[in-house]
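Colleague: I'm used to gels and assays, not coordinates. Could you walk me through how to read a model like this one?

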Amino acid sequence: MRGFYENFLLVDNFRSKISIIFVCLVPFSLSLGPLLPELFLLISFIILSGDIYKSRKQYFYNTSFFLFLVFYTYILSNSLIQNLIFNHIFNFSNYNINLEIFKNYFFDQKSIIFFFRFYFYFALIWYLFDQFKIFKKLFFLITFLSISIIGIDALLQYFSGYNLLGYTRTNQHRLSGIFKDEFILGSFFLKTYFILLSLFVFYKNLSEKKNELIYILINCFFGILIFLSGERSAFFLFIFALILSFILLNQIKFRLILKFILLFIIIITSTSILDGNIRDRIFKNTIEQFTNKSQSEMYIFTEVHHGHYMSAKLMLRNNPFFGVGPKNFKIKCKEEQYLHYRARCEIHPHNYYVQLFSELGFFGGVFLLLIFLVIFFKLFKIFLKIDKEIDSITILLIALFIFLWPIVPHGNFFNNWNIMLSIMTFSFYKHLSHKLI
């Protein structure tokens with residue numbers, strides 16, 4: 001710790017020190033909601049904006065920024081046209097009515113209007129990774145401690161019924177931990193798993209037995225917590241990520257794979273035997289929800305998810321090029337023409353691709369699909385040994401691939417909590433690779 005403190009003191013200005021501390025606190029603060037990490041990132045970007053601007057050629061004159069700018073321009077234009085021009089008739093003689101229209105639009109679409117801020121956050125974290133070696137080490141240390149605390153807190157809730165903050169367990173099939181009544185513990189651990197593991201592999205050589213043991217323990221720790229969370233998508237994506245890691249990482253040897261698989265199977269099997277509620281949710285309920293036995297129908301994931309997707313399909317069919325507008329799924333799904341497809345209406349259809357195709361049309365959906373295909377071909381070239389990447393970069397590419405994997409339920413694409421978790425991974429990838437995609 002003394003070495004960390006001495007290196008931190010070598011940072012040349014107070015503004016940089018404040019930003020390093022704030023950004024390092026982001027992973028833990030995300031467990032408390034989106035407001036605090038937004039403040040940390042916004043303040044940090046503002047006080048370092050001059051320094052970042054001096055390096056704008058690297059952080060803004062690149063393909064990533066160009067693609068983001070095109071996407072942002074499209075969603076903002078789509079939002080303005082769909083919500084102001086198509087859905088409202090302006091009374092140019094009545095200023096108050098027009099003001100009310102714009103006020104309602106602003107509050108409903110503010111996440112779209114200010115979507116540009118996420119590139120600023122991304123550039124900030126990328127800049128800190130590039131400029132300060134101490135930032136990588138401190139980010140790794142604080143993230144490790146944060147994850148450990150949140151994980152131990154969740155395990156305490158699992159075994160005793162309540163966590164360190166006194167939040168009681170309200171669902172025997174799910175575990176929420178520090179997130180109280182939101183069941184997003186598994187998603188949080190899945191998205192922080194990759195950044196922590198990539199930093200560990202960046203600093204440590206897995207051929208050493210001590211590091212090999214730590215690697216196994218890290219994977220088991222994340223695996224059991226994601227399993228106990230009851231989040232099926234997160235658990236199956238975690239297993240998928242492990243398989244990809246075993247195939248693609250250079251430092252992963254057969255001996256290490258065998259040790260981990262044996263230990264992981266023992267832990268998951270023991271937990272499943274002792275806790276039938278979690279076992280049934282992860283395995284039994286998942287299989288049962290794919291079908292409607294009374295009507296012999298097959299569903300995409302569940303009846304509710306299937307209904308969302310069918311509603312979104314009709315929205316795309318009726319609005320093929322531009323969709324129904326950003327964040328308008330929640331409005332359109334209440335209309336009679338879509339009503340008979342689902343039991344209830346939701347804010348979003350629970351899949352990134354379905355959401356973008358229905359809300360932004362062909363142009364919006366294809367944008368995300370192309371990014372996913374680029375990442376897929378990068379991983380495929382690593383598999384064929386055409387590209388030789390260090391394992392940390394491969395882990396981060398696997399992370400982006402997993403985050404965008406299409407055949408799984410997702411959260412809201414425009415949710416700031418989800419985006420902030422993802423940009424930490426992407427910024428570290430950009431730092432390590434310096435390749436523009």
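Modeller: Sure, we'll go from the overall picture to the core, a few helices and some odd backbone angles. Keep in mind that this is a predicted model.

Colleague: Where do I start, and how many helices and strands are there?

Modeller: Start with the secondary structure: the protein has 20 helices and 2 strands. Then look at burial: of its 437 residues, 51% count as buried. The accessible surface is about 21,100 Å², and 68% of that belongs to carbon and sulfur atoms.

Colleague: How do I read contacts along the chain, and what share of them join residues at least 24 apart?

Modeller: Take the contacts between residues at least 6 apart in sequence; 72% of these join residues at least 24 apart. One pair to look at is Leu197 and Leu396, which are 199 residues apart in sequence but 9.1 Å apart in space, C-alpha to C-alpha. Another is Ile395 and Ser245, with their positions 150 residues apart in sequence and 7.0 Å between their C-alpha atoms.

Colleague: What about the core? Which residues have the most contacts inside the largest one?

Modeller: The general idea is that in soluble globular proteins, nonpolar side chains tend to be buried together. Here the largest nonpolar core holds 118 residues, and Phe135 and Phe194 have the most contacts inside it. The helix that gives the most to this core is H10, residues 185-203, with 12 residues. Apart from it there is another core, of 7 residues, including Leu314, Met315, Val324 and Phe329.

Colleague: What does Phe194 touch, leaving out residues up to four places away in sequence?

Modeller: Its partners are Ala241, Ile395, Leu396, Ile398, Ala399, Ile402 and Phe403. Now follow Ile395, which sits in helix H19, residues 391-403. With the same sequence neighbours left out, Ile395 touches Phe194, Leu197, Ser198, Val201 and Leu249.

Colleague: And Leu197, is that buried or exposed?

Modeller: The cut-off you need is that buried means under 20% relative accessible area. Leu197 is at 1%, so it is buried, and Ile395 is buried too, with a relative accessible area of 1%. Leu197 lies in helix H10. Besides Ile395, Leu197 touches Tyr215, Ile218 and Asn219, again not counting residues up to four places away in sequence.

Colleague: Where would I find Ser44, and how accessible is that residue?

Modeller: Ser44 is in helix H4, residues 35-54. Its relative accessibility is 0%, so Ser44 counts as buried. Beyond residues up to four places away in sequence, Ser44 touches Ser19, Phe22, Val23 and Leu124.

Colleague: I always look for cysteines. How many disulfides does the model have?

Modeller: The test is whether two cysteine sulfur atoms come within 2.5 Å of each other. By that rule, the count is 0 disulfides. If you want cysteines to look at, Cys24 is buried at 1% relative accessible area, and Cys220 is buried at 6%.

Colleague: How do I check a single helix? What span should H20 have?

Modeller: Compare the expected span with the distance between the end C-alpha atoms. H20 runs over residues 416-433, so its 18 residues should span 26 Å at 1.5 Å a residue; the ends are 25 Å apart, which agrees. Then check the surroundings: 18 of the 18 residues of H20 are buried, so this helix is largely enclosed by the rest of the structure. Look at the ends as well. At the start of H20, a side-chain oxygen of Asn415 comes within 2.9 Å of the backbone nitrogen of Trp417. After H20 comes His434, with a positive phi near 55°.

Colleague: Why would I pay attention to a positive phi?

Modeller: Because most residues other than glycine have a negative phi. Lys180 is not a glycine, yet its phi is positive, about 60°. Lys180 sits in the loop between helix H9 (133-160) and H10, and at 48% relative accessibility it counts as partly exposed.

Colleague: Where is His350, and what is its phi?

Modeller: His350 is in the loop between helix H17 (336-339) and helix H18 (352-383). Its phi is positive, near 65°. At 22% relative accessibility, His350 counts as partly exposed.

Key:
Residues are numbered from 1 along each chain as its sequence is written. This is a predicted model: local features need pLDDT of at least 70, side-chain atom pairs count only at pLDDT 80 or more; totals for chains, interfaces and linings use all residues. Side-chain values use heavy atoms; hydrogens and water are left out. Buried means under 20% relative accessible area, exposed over 50%, partly exposed in between (1.4 Å probe, protein chains only). Helices (H or I, at least four residues) and strands (E, at least two) are DSSP runs, numbered from the N terminus. The expected span of a helix is 1.5 Å times one less than its number of residues. A polar contact is a pair of N or O atoms within 3.5 Å; within protein, one must be able to donate a hydrogen and the other to accept it, and residues adjacent in sequence count only if both atoms are side-chain atoms. Contact means heavy atoms within 4.5 Å. Accessible areas come from the Shrake-Rupley method with a 1.4 Å probe; for residues, only the protein chains shown count as cover. A nonpolar core is a set of buried Ala, Val, Leu, Ile, Met, Phe, Trp, Tyr and Cys residues joined through side-chain atoms within 4.5 Å.
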